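Thanks for coming. I will go through the pockets of this protein and then one of its sheets. Please keep the structure open while I talk.

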Amino acid sequence: MNTGTRTGTDTGTDTGTGTGTGTGTGAGGRAAVVAGVGGYVPPDVVTNAELTRRLATSEEWIRARTGIRARHVIAPGTATSDLAVAAGRRALESAGAGRVDAVVLATTTPDRPCPATAPEVASRLGLAGVAAFDIAAVCTGFLYGLATAAGLIASGGAGRVLLIAADAFTTLIDPGDRATAVIFADGAGAVVLRSGREEEAGAVGPVVLGSDGELGDLIEVPAGGSRQRSSGRPAGAGEEFFRMRGRETFRHAVERMAAAAHTALEGAGWKTGDVDHLAAHQANARILAAVGDRIGIPPGRCLSNIEEVGNTGAASIPLLLAHSCARGVLREGERVLLTAFGGGLTWGATTMTWPALPPPP
Ligand code: UT7
């Protein structure tokens, strides 16, 4: 059944109005189907112990309040496109031979303000000539990307799409801000989507999306955009850095992810008990526990890699899928519920069955 893109209200519930772009499952049982997955984290690791040497924090605080023990960070000179190319290449290998018709890149940290990063990523992957563009939805970027890629497939605009989510979040973080420096990290994840049938393993269900711009200042980088640049004044002290009102963000993250997940379950015709795995945006281990609890999914069915990789922004869900697939945790035909939340505010959720894939590296 074609449920179209569902727009959330500011309460996070589905208005049912739909924009009719046919995301997820399409008319006549057509669907976007996952055909490949890949993830990449840069080799450099920062442990909690290292952070305590430069910030007023403790290993115990970070572990207890966030669930994170270590995170991967880029080396100087590395950019988002480098992460995206590495993850994209792995997803293409996982999908086997075959060209893709579009590259969609979800990122909060493009290499440059202009042009978009996706065309460079496509060219470096040997895909010059295909449609390539960026999506900006902060930590919900992968789900906005899934809806967009599924729409391209449903409209006939593309037969296969490479969707990458990559963030070099540490380039935005104030190294002296203990509330964000302990959480955010760098990484990339990617999936190849192809046109298929909704009953196939790998099929993506209806994608629920929502936003609330009135709360845009909960998570923001104040400087660097047209408002500050057009004023002709240089950025104020610290305005080029990412800021987050952590406690309020925490509350909205739990509410929005849980509400969007419920709507996605309804759209797919699934019950909570049908879900084998919850793959939620890896924002904070306490947020993950609260979201699982609200939806009614026990901790043993909540996928997590936040302990080793931290919060990797848009990359977090596809990186989690790649890691879980590599570890044999995700098996063919298992039902996965995805939900995310990020700056904007933005949120989203969807369902998918897991396809038969070789474990990615
Ligand atoms: O990716 C999508 C969007 N992001 C999220 O969803 C993240 C949402 N927020 C969070 O994960 C949490 O709010 C944080 C991890 C950022 C903070 O944890 P919290 O339990 O909400 O702490 P808090 O902000 O309520 O702060 C409690 C105390 C404060 O001290 P006072 O005012 O009680 O004296 C903070 O200054 O903890 C202090 N604090 C720290 N202490 C040690 C904040 N960061 C740290 C730190 N080490 N790193």
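I start with the second largest pocket, which holds about 600 Å³ of space. Keep in mind that this is a predicted model. The pocket is lined by 29 residues, and those closest to its centre are Ile183, Met244, Gly246, Arg247 and Asn284.

Which helix gives the largest share of this lining? That is H8, with five residues. Helix H8 spans 246–268, and other elements that each supply at least two residues include helix H2 (59–66), helix H9 (285–295) and strand E13 (335–342). By type, the lining of the second largest pocket has 16 nonpolar residues, nine polar ones and four charged ones.

Where does this pocket lie with respect to the domains? Domain 1 (5–21 + 202–353) and domain 2 (31–196) both contribute lining residues, so the second largest pocket lies between them.

Now the largest pocket. Its volume is about 950 Å³. Here 32 residues form the lining, and Thr108, Leu172, Val221, Ala223 and Gly225 are the closest to the centre. Helix H7 gives the most to this lining, with three residues. Strand E6 (131–135), strand E10 (219–220) and helix H7 (226–230) each provide at least two. The lining of the largest pocket divides into 12 nonpolar, 12 polar and eight charged residues. At least three of its residues come from each of domain 1 and domain 2.

Strand E6, which helps to line the largest pocket, also belongs to a sheet. This is an open sheet of five strands with mixed pairing, in the order E2-E8-E7-E5-E6. Which strands are at the edges? They are strand E2 (30–40) and E6, each of which pairs on one side only. On average, neighbouring strands are turned by 20 degrees against each other, ignoring direction.

As background, strands of a sheet pair through backbone hydrogen bonds, and the pairing can be parallel or antiparallel. Strand E5 (residues 102–106) and E6 run parallel and are joined by five bridges. To find one of the paired positions, look at Val104, whose bridge partner in E6 is Phe133.

Two helices finish the picture. Helix H3 (residues 80–95) packs on the sheet, where it touches E2, E5, strand E7 (160–168) and strand E8 (186–197). The direction of H3 makes about 120 degrees with that of E2. Helix H5 (residues 141–154) lies across E2, E5, E6, E7 and E8, and runs at about 165 degrees to E7.

That is all from me.

Note on methods
Residues numbered from 1 in each chain as written. Predicted model: local features only at pLDDT ≥ 70, side-chain atom pairs only at ≥ 80, totals over all residues. Heavy atoms only, no water. 1 Å grid on protein atoms, 1.4 Å probe; cavity = no way out; pocket = protein on both sides within 12 Å on 5 of 7 lines; lining within 4 Å. Points joined across faces, edges and corners; volume = space filled by probe spheres on them. Helix = DSSP H or I, 4+ residues; strand = E, 2+ residues; numbered from the N terminus. Nonpolar A, V, L, I, M, F, W, Y, C, P; charged D, E, K, R; others polar. Domains from an automatic or database assignment. Pairing = 2+ DSSP bridges. Axes fitted to C-alpha atoms, helices over the stretch in contact; angles between N-to-C directions. Contact = heavy atoms within 4.5 Å.
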